[in-house]
Amino acid sequence: MPSLLPKLPPRGAKGDEFPGPPSNGYTFLPWLLMGTGAAVAVAKGEVAQPVLGGLGILAFAVLYALVAFRAFDKQQRAERSTLVMLGALAAVTYALGLGYGGVWLLFFPLLSLTCGAVLRDRRLGYVIITLAGSVGIISGVKTGDPWDNMTIAYGTFLSGMVIAALLSLSETVRELRDTRQELARTAVEKERLRFSRDLHDLLGHTLSVIVVKSEAARRIAPRDLDAALGQVADIESVGRQALTEIREAVTGYREGSLATELDRARSALGAAEVEPVVRQSGPPLPAQAEALLGWVVREAVTNVVRHSAATRCEIVVDGSAERVTLTVTDNGRGAPTEPAPTPRIGGTGLKGLTERLGAAGGSLTTGPAPRTGFRVSAELPVDPADSALDAELTCAPERS
């Protein structure tokens, strides 16, 4: 018999995996003590056919334990073999109850327990009512005591319904715990993805500016040392700013400024000998919209500097009270041919920006420019409430 039962998990090893009572089939085993009276009667020879009665008790105990343990495994609980065992347990219970009566009727509440553990659907109510009604009738035939009839019927009904409610509640708590853990894992993955995107976009743009300015300094150093030193000073400034931005990105509090990104775009394009044309119109934008559009400017200009071989780049910001549109157009050789990102990084570059803008209700479109070159266009809704809140936060309090 012990070899048929699963091993009890060690203390502290899996106790937290099953919140709420009962946690496994071992909690059902002590209820077998309700059959002690019948076992004592068999041992004393106070019943007819004691050998048959003893075999009936043994069969009941084995079937009861097997069904109880299978009830805590969702897959085994739904198997046909479990229902067959439950039916065999019911047959043994009715045989013992009809054959002996008295204390033998206490096996009915145990049968009701196993039914409540296995049947957790609409069938349970009909089964429990049938068990309670039949044990009441059998008790009435055997004893004739109305109080005993009502007590055993009520105990049978209550044991099945209560255990079914407890197990359903425990399973619900377990599922809620798993859902909470899954949500926590999802939040961590999103934060990792955010950080990888920020780091990719930040370092890609910064390193591209440093490379372009270094090349410019190398080209003009032989003929204009002062201009070359100016480019070197810009490289130092970009490097220091990159260090600050990386620290802010790591802590998760970095917010881009569209005006700052436009200034950096002018500097990077000028160093790459690309004519920058920047036009901006419309009301002030909320911080979130500026941060998203700043990332678009950074990524689009980085692609222009790296891949386009363009001589002119036009950046247009057209805003209104409801929406803002950002367009970056160059006259280069077309779509960038940058290598695909590694799987660990996830959505980076233009793909990552598309996902970000989509999450904010906006959109990003890329493709060939009308005449020649490549165009990146971002559209983003503007929430007036966000603009008002930013205005309140930036206004200094009046002093009397």
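A residue counts as buried when its relative accessible area is under 20%, as exposed when it is over 50%, and as partly exposed in between. Asp234, at 31% relative accessibility, is therefore partly exposed. These terms serve throughout the following account of a predicted model.

The protein has 400 residues, of which 38% are buried. Its secondary structure comprises 12 helices and five strands. Among contacts between residues at least 6 apart in sequence, 71% join residues at least 24 apart. The protein exposes about 22,400 Å², and carbon and sulfur atoms supply 61% of that area.

The interior may be considered next. The largest nonpolar core has 38 residues, and Leu86, Trp104 and Phe107 touch the most other members. Two or more residues of this core come from each of helix H1 (36-43), helix H2 (50-70), helix H4 (80-100), H5, helix H6 (123-142) and H7. H5 makes the greatest contribution, with eight residues. A second, separate core holds 36 residues, among them Leu262, Val296, Leu326 and Phe374.

Helix H5 runs through residues 107-118, and its 12 residues reach 17 Å from the first C-alpha to the last, close to the 16 Å expected at 1.5 Å a residue. How many of its residues are buried? The count is 12 of 12, and the helix is accordingly described as mostly covered. The buried residues include Phe107, Phe108, Pro109 and Leu110. Phe107, already named as a member of the largest core, touches Gly35, Ala38, Ile57, Phe60, Thr93 and Leu96, when residues up to four places away in sequence are not counted.

Just before H5 comes the loop that joins H4 to H5, and Val103 has its place there. Val103 has a relative accessible area of 40%, so this residue is partly exposed. Beyond residues up to four places away in sequence, Val103 touches Gly37 and Ala38. Val103 and Thr36 are separated by 67 residues in sequence, yet their C-alpha atoms are 8.9 Å apart in space.

Two of the contacts of Phe107, Ile57 and Phe60, are also buried residues of H2. The 21 residues of H2 should span 30 Å at 1.5 Å a residue, and the end C-alpha atoms of H2 are 30 Å apart, so the expected and modelled spans agree. Other buried residues of H2 include Gly53, Gly56, Leu63 and Arg70. The buried residues of H2 pack against H1, helix H3 (74-77), H4 and H5.

Arg70 leads to the charged pairs of the structure, which holds 13 salt bridges. Arg70 forms one of them with Glu79, the closest N and O atoms being 2.7 Å apart. Arg70 is counted as buried because its relative accessibility is 15%, whereas Glu79, at 31%, is partly exposed. In another pair, Arg123 and Asp121 have their closest N and O atoms 3.0 Å apart. Arg123 is partly exposed, with a relative accessible area of 42%, and Asp121 is partly exposed as well, at 39%.

A further salt bridge joins the side chains of Lys213 and Asp234, at 3.3 Å from N to O. This pair links distant parts of the chain, since Lys213 belongs to helix H7 and Asp234 to helix H8 (residues 225-251), 21 residues apart. Is Lys213 buried or exposed? At 2% relative accessibility, Lys213 counts as buried, while its partner Asp234 is the partly exposed residue introduced at the outset. Elsewhere, Glu261, Arg264 and Arg298 are linked in a network of salt bridges.

Helix H7 also bears on the surface. Ile129, Tyr154, Phe157, Leu158, Met161, Val162 and Leu166 form a nonpolar patch there, with about 610 Å² of accessible area together. Helix H7 (residues 146-220) supplies the largest share of this patch, six residues. Tyr154 is found in this helix, and this residue is classed as exposed because its relative accessibility is 53%.

The final stop is Ala360, in the loop between helix H11 (349-359) and strand E4 (363-368). With a relative accessible area of 27%, Ala360 is partly exposed. Ala360 touches Gln288, Leu292, Leu380 and Pro381, again without counting residues up to four places away in sequence. Ala360 and Pro381 are 21 residues apart in sequence, and their C-alpha atoms are 7.9 Å apart in space.

Methods. Residues numbered from 1 in each chain as written. Predicted model: local features only at pLDDT ≥ 70, side-chain atom pairs only at ≥ 80, totals over all residues. Heavy atoms only, no water. Helix = DSSP H or I, 4+ residues; strand = E, 2+ residues; numbered from the N terminus. Expected span 1.5 Å × (residues − 1). Buried < 20%, exposed > 50% of the residue type's maximum accessible area, 1.4 Å probe, protein only. Contact = heavy atoms within 4.5 Å. Patch = residues over 30% accessible without salt bridge, like charges linked within 9 Å, V, L, I, M, F, W, Y side chains within 5 Å. Areas by Shrake-Rupley, 256 points an atom, 1.4 Å probe, with all protein chains shown as cover. Salt bridge = Lys/Arg side-chain N within 4 Å of Asp/Glu carboxyl O. Core = buried A, V, L, I, M, F, W, Y, C linked by side-chain atoms within 4.5 Å.
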